Amino acid sequence: MRNSVKEIKTKFSTQGDFFIEEESYDKMSCYLIGFKTLIDLPKTKLYIQQMGESCTSKSALLGKLSEETNVNTEQLIKGILEGKLVIVTKDGKENAIVDPIVQNLNSSIGEPKNESPVHSSTDAFVEDINTNVGMLRKRLNTDRLCHCTYQVGELDKRRLSMLYINGKAPNDLVNKIHHQLNQIDSDIETIDDLNKRFEKRRLSPVSHFSATELPIQAIHSLKKNRIVLFMDNYPFALVFPNLILDMFSTENDRNFPFILTFMLRFFRVIGAVATVIFPALYVALVSVNPGIFRTDLALFVAKSREGIPLSAFLETIAMVVLVDLILEAIVRLPKSVGPAITMVGGIILGQAVVEANLVSNLLVIVITAVVIASSAVIGMQNSLYIRLLKYPILVLASLFGILGVFIGFIFTIIYLASLTSDDIPYLTLRFEHKGDTK
């Protein structure tokens, strides 16, 4: 190989989807160079062969294929990053940047089903791993975007891809994940199987990864020094490490003025806190510490619970479990009938339990507020684990009242602070660690 080909090969040696193939046509022997995730190579080869049938020399063929011929190495690298096919003759004397037949990255791409972007592109990742990597390369055409591929599993070999920006993601973190992925010797069927291959969190509801189906969010994470993983047949990008701010902020927020962005994120924080403590606060104020209320408010609460046979704790725990069952039913039922059935069932059931004097009107208001608040955070997984955290605080509130609420909330913060992903604390508010550009 000549110097330009050697330099290009060295430049992209860490890219799992990079190819350099030697081909012979009637008029010339050459190297074809580019990215498999952006170029449909078989169709492009056929196209070049058909064009070569009407040319008398290799110079004529290169001139017919492209107007950009005999350019320097820097322009060749730029063309590769833009998704073009680079052709270099075997003697290294001539080259061309050709518009290839590209991979179809649009026909199978649909709208996101689990996230609702505002003022943003509405395409989403798909199950094909090459298409997902191509979607990122199409938007982020820099030579610092690194792509490593893996085959993991014992019986069922599954493809994994790791992407990061060289100079952004910490080198130590990249090396750790590379080692952890290479150590996988069993089948990876679910995200939890992959999650267990990192630092073990016994009985923890918090994952090492935050999942997104939006390419713009994955690119934002890469620019913020994170690492993105793709699994074949899984239409999400897995961002590592997962941090607490991922449930409060998203790249789409920045489409609004700063004051509106701050307001949205503040409301999400309020929603998470309300989900965790509102049911416990109701139990504490009604059954353990009613003296905190003003007299008129205490009389109102007492009147709302008049004739109810259940204790405040039992009625609250029953309603909280019932609402979580309804939310789960919305997810599991067919989309054509699920929301209608659960909405009607929730309204009828809520009205029936109030009229039957099984729960108070005030509790229905509290539970409704909790349902709305839990949906304000970003990500289904985050919403689930926030809803789970309210149960231990609810139990403590029934025993110790307001003191139990504060103790439970403080221990929840301490627990979350103890979680790490490859020595990166979950409560890290600003992930500024950077690697060295190699």
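The exercises below work through a predicted model of one chain.

Residues are numbered from 1 along each chain as its sequence is written. In this predicted model, local features need pLDDT of at least 70 and side-chain atom pairs count only at pLDDT 80 or more, while totals for chains, interfaces and linings use all residues; side-chain values use heavy atoms, with hydrogens and water left out.

**Exercise 1. Describe the overall form of the chain.**

Step 1. The chain has 15 helices and 12 strands. These are DSSP runs numbered from the N terminus, helices being H or I with at least four residues and strands being E with at least two.

Step 2. The radius of gyration is 28 Å, well over the 22 Å that the globule rule gives for 438 residues, so the chain is more spread out than a compact globule. The radius is taken over C-alpha atoms, and the rule is 2.2 Å times the number of residues to the power 0.38.

Step 3. The C-alpha trace spans about 100 × 50 × 45 Å along its principal axes.

Step 4. Of the 438 residues, 46% are buried. Buried means under 20% relative accessible area, exposed over 50%, and partly exposed in between, with a 1.4 Å probe and protein chains only.

**Exercise 2. Find the largest nonpolar core and the residues with the most contacts inside it.**

Step 1. A nonpolar core is a set of buried Ala, Val, Leu, Ile, Met, Phe, Trp, Tyr and Cys residues joined through side-chain atoms within 4.5 Å.

Step 2. The largest one has 37 residues, and Met247, Tyr385, Ile386 and Tyr426 have the most contacts inside it. Elements giving two or more residues to this core include helix 9 (258-288) and helix 14 (380-400). Helix 9 supplies the largest share, 9 residues.

Step 3. Leaving aside neighbours within four places in sequence, Tyr426 is in contact with residues including Val206, Met247, Tyr385 and Leu416. Contact means heavy atoms within 4.5 Å.

Step 4. Another core, of 26 residues, lies apart from the largest one, and Cys146, Ile191, Met231 and Leu243 are among its members.

**Exercise 3. Locate the backbone exceptions.**

Step 1. Most residues other than glycine have a negative phi, and most peptide bonds are trans.

Step 2. The peptide bond from Phe240 to Pro241 is cis, with omega near -5°. Pro241 sits in the loop between strand 10 (237-240) and helix 9.

Step 3. Asn225 is not a glycine, yet has a positive phi of about 75°. Asn225 belongs to the loop between helix 8 (215-223) and strand 9 (227-231), and counts as buried at 2% relative accessibility.

Step 4. Asp422, also not a glycine, has a positive phi of about 50°. Its loop runs between strand 11 (420-421) and strand 12 (424-425). At 8% relative accessibility, Asp422 counts as buried.

**Exercise 4. State how helix 5 is covered.**

Step 1. Helix 5 (residues 129-139) has 8 of its 11 residues buried, which makes it mostly covered.

Step 2. Among those buried residues are Ile129, Asn132, Met135 and Arg137.

Step 3. Their cover includes strand 2 (29-35), strand 6 (145-152), strand 7 (158-165), helix 8 and strand 9.

**Exercise 5. Place Glu251 and list its contacts.**

Step 1. Glu251 is in the loop between strand 10 and helix 9. At 18% relative accessibility, Glu251 counts as buried.

Step 2. Not counting residues up to four places away in sequence, Glu251 touches Ile216, Gln217 and His220.

Step 3. Glu251 and His220 are 31 residues apart along the chain, and their C-alpha atoms are separated by 6.6 Å.
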